Every structure is written in structure tokens, then in C-alpha cells.
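Reader: I'd like to go through this one with you and ask what stands behind each label. Can we take it term by term?

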Amino acid sequence: NITNKPDLDLLSDYKFDYIFHQAAISDTRVYDQKLVFKTNVNSFYDLLNIAKKDNAAMIYASSAATYGSTSSPQNIGNESPENPYGFSKLLMDQIAYKYSIENPERIIVGLRFFNVYGSKEFYKAKTSSMVIQIGHQILDGKTPKLFKGSNQILRDFIYIEDVIQANIKACAPLNNGIYNVGTGIARSFQEIANILQKELKTKLETEYIPNPFRGYQKHTKAEIKTSKINLGFEPKFSLEDGIKAYIPEIKRLHMSENL
């Protein structure tokens, strides 16, 4: 528990070269600001102190939620968060900038992940991606449910293997900073459902339901030019390739759930 000092003290038994900080309350629908800031912001100072003590590189998860509903493509420096989670990640980025100025010899990189999908996200339950949620609906024999106008709700979906590579590349950046991790291509929720039906060999109709969420991003598309230049990051998986690679895991998880 990164908010528990005795737990963090256990890390003093180790010396780190690299710290990959992915822990957070990441549900954008959690509006308990005190809890979100305690977990996401306050604990960041403690982890940075560990990085400083060990002279370790700090690679941490920022988020595309920092952009809110700003127009695409989303660029670093044009943020407008609309929920406690997005605001907490923007504060982390500001803390990282200050840390980098005060410790210019140390590596610190924030990665703004866009819509990540892929293996192991099942454990995020209701906050897992639309890819696995729709995939399991289809495998249940149910008509996939999408929000009305889903053909016009576009997101930058990025496969987990590309995200892993971004983290590895961030260990040796040309410059410290905050970088977008996406494909730079916006795709619709409708396309996800269509690709899944093709891969799962089904021809179900689609049920469209009202969108109950406020502050809902309608279009995201990462500007990744600076990520390519400073990290050497180059996404390899299209949405079609990522979903195809993910299908065996989607099927396996669905089978284990229904044993």
C-alpha cells in the first residue's frame, strides 16, 4: 500500500536502479478527492524520495485524462482535467517537472497513457477496456451494448505490448519530460465491436444505450511526435492487430469465469 509508510519502509531493504510507478486510483468516476489525492499525489513524494536516495530512474504513469475534453490531437501543455483522477495526474506531472529541475542529473519520465487494452487488465474489473468488456458480452451470446453515437466516439486505443515498450524506452530518454503514449490514430467504439465480431466469427446486432456519464471524452488522439524523438517510441500494433493478439486471452478468461 503506497499510502502506508510502514509498507514503503520495507523498500529500504532494496536498492533500485529503475522504479516503474503504475499504482493509482485510476477510476475516473471516483469523486472522493481526498482519497484520490492521498493515493496518487501525496504518495508520489515518498516514491520520489526513494528514487533520489537510490539514484534511480523514475518512470511513472500519467494519463490522457489530464486533457479532459480538449480538442484532438492532445498535446503536452494543453491540459484541462475534468475529474479528480485527471487533476491528480496533472499535479504529479507538475511535481515531476519541479523534481527534474532540482535534480537535473536524474531520470524522471511521465507517460500519458491513452486507452490501454490487453492482457491482465481483467483484474481492473469495471474499469477494464471496452475491448474485453464487449468481447465477453459477445462470448456470452449477448448483443454488444454501446453508447448512442458510438460511431462518433473516437479514442486512441493502444495495445499493452506497445505500452510496455514505451516504459522500457523511457529508461533512457534524450530528455526528461512528460510524453504521450498512444498510436496517434483515433478509432471508434463501433470499430472495436466490429473487429471483435469478425475475430470471434459472430454476426450479432448492436444495442445502443444512453451515455450516463458527464465529462465524457468524445475524441482522443495522441500527439506522439515528441515521444518518437525523445524516447524512440514507435507503436507497432494497429487496433486490428492488437485485438487479434488479445483474442486468445479474452477467450481463456471467459472460459475460466464460466467454469
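Reader: Where does Pro-73 lie?

Author: Pro-73 lies in the loop between β2 (57–63) and α3 (84–102). Bear in mind that this is a predicted model.

Reader: What makes the bond that joins Ser-72 and Pro-73 a cis peptide bond?

Author: Look at omega: it is about -5 degrees for the bond between Ser-72 and Pro-73, and that bond is cis.

Reader: On to backbone angles. Which value does phi of Asn-55 take?

Author: Phi there is positive, about 55 degrees, although Asn-55 is not a glycine. Asn-55 sits in the loop between α2 (33–54) and β2.

Reader: Why is Asn-55 called exposed?

Author: Exposed means over 50% relative accessible area. Asn-55 has 51%, so it counts as exposed.

Reader: And what is phi of Lys-120?

Author: Near 85 degrees, again a positive value in a residue other than glycine. You'll find Lys-120 in the loop between β4 (115–117) and α4 (130–139). Its relative accessible area is 57%, and with the cut-off at over 50%, Lys-120 is therefore exposed too.

Reader: Now the helices. Why are α6 and α8 called oblique to each other?

Author: Helix α6 (residues 189–200) and helix α8 (residues 239–257) pack at an angle of about 55 degrees. Roughly parallel would need an angle under 35 degrees, and roughly perpendicular runs from 65 to 115. An angle of about 55 degrees fits neither, so the pair is oblique. The axes are 10 Å apart, and the crossing is right-handed.

Reader: Which residues meet there?

Author: From α6 come Ile-192, Ile-195, Leu-196, Glu-199 and Leu-200. They meet Leu-239, Glu-240, Ile-243, Lys-244, Ile-247, Ile-250 and Lys-251 in α8. By class, the residues of this contact are eight nonpolar, four charged and no polar.

Reader: Zooming out, how many helices and strands does the protein chain have?

Author: Eight helices and ten strands.

Reader: How do you know that the protein chain is as compact as a globular protein of that length?

Author: Set the radius of gyration against the globule rule: the chain has 19 Å, and the rule gives 18 Å for 259 residues. Those are close, so the chain is as compact as a globular protein of that length. The C-alpha trace spans about 55 × 40 × 35 Å along its principal axes.

Reader: What share of the residues count as buried?

Author: Of the 259 residues, 47% do, buried being under 20% relative accessible area.

Technical notes. Residues are numbered from 1 along each chain as its sequence is written. This is a predicted model: local features need pLDDT of at least 70, side-chain atom pairs count only at pLDDT 80 or more; totals for chains, interfaces and linings use all residues. Side-chain values use heavy atoms; hydrogens and water are left out. Axes are lines fitted to C-alpha atoms, for helices over the stretch in contact, and angles run from 0 to 180 degrees between N-to-C directions. Helices (H or I, at least four residues) and strands (E, at least two) are DSSP runs, numbered from the N terminus. Angles under 35 degrees count as roughly parallel, over 145 as roughly antiparallel, 65 to 115 as roughly perpendicular and the rest as oblique. A crossing is left-handed if the near helix is turned anticlockwise from the far one by less than a right angle, and right-handed if clockwise. Contact means heavy atoms within 4.5 Å. Ala, Val, Leu, Ile, Met, Phe, Trp, Tyr, Cys and Pro count as nonpolar, Asp, Glu, Lys and Arg as charged, and the others, Gly among them, as polar. The radius of gyration is taken over C-alpha atoms; the globule rule is 2.2 Å times the number of residues to the power 0.38. Buried means under 20% relative accessible area, exposed over 50%, partly exposed in between (1.4 Å probe, protein chains only).
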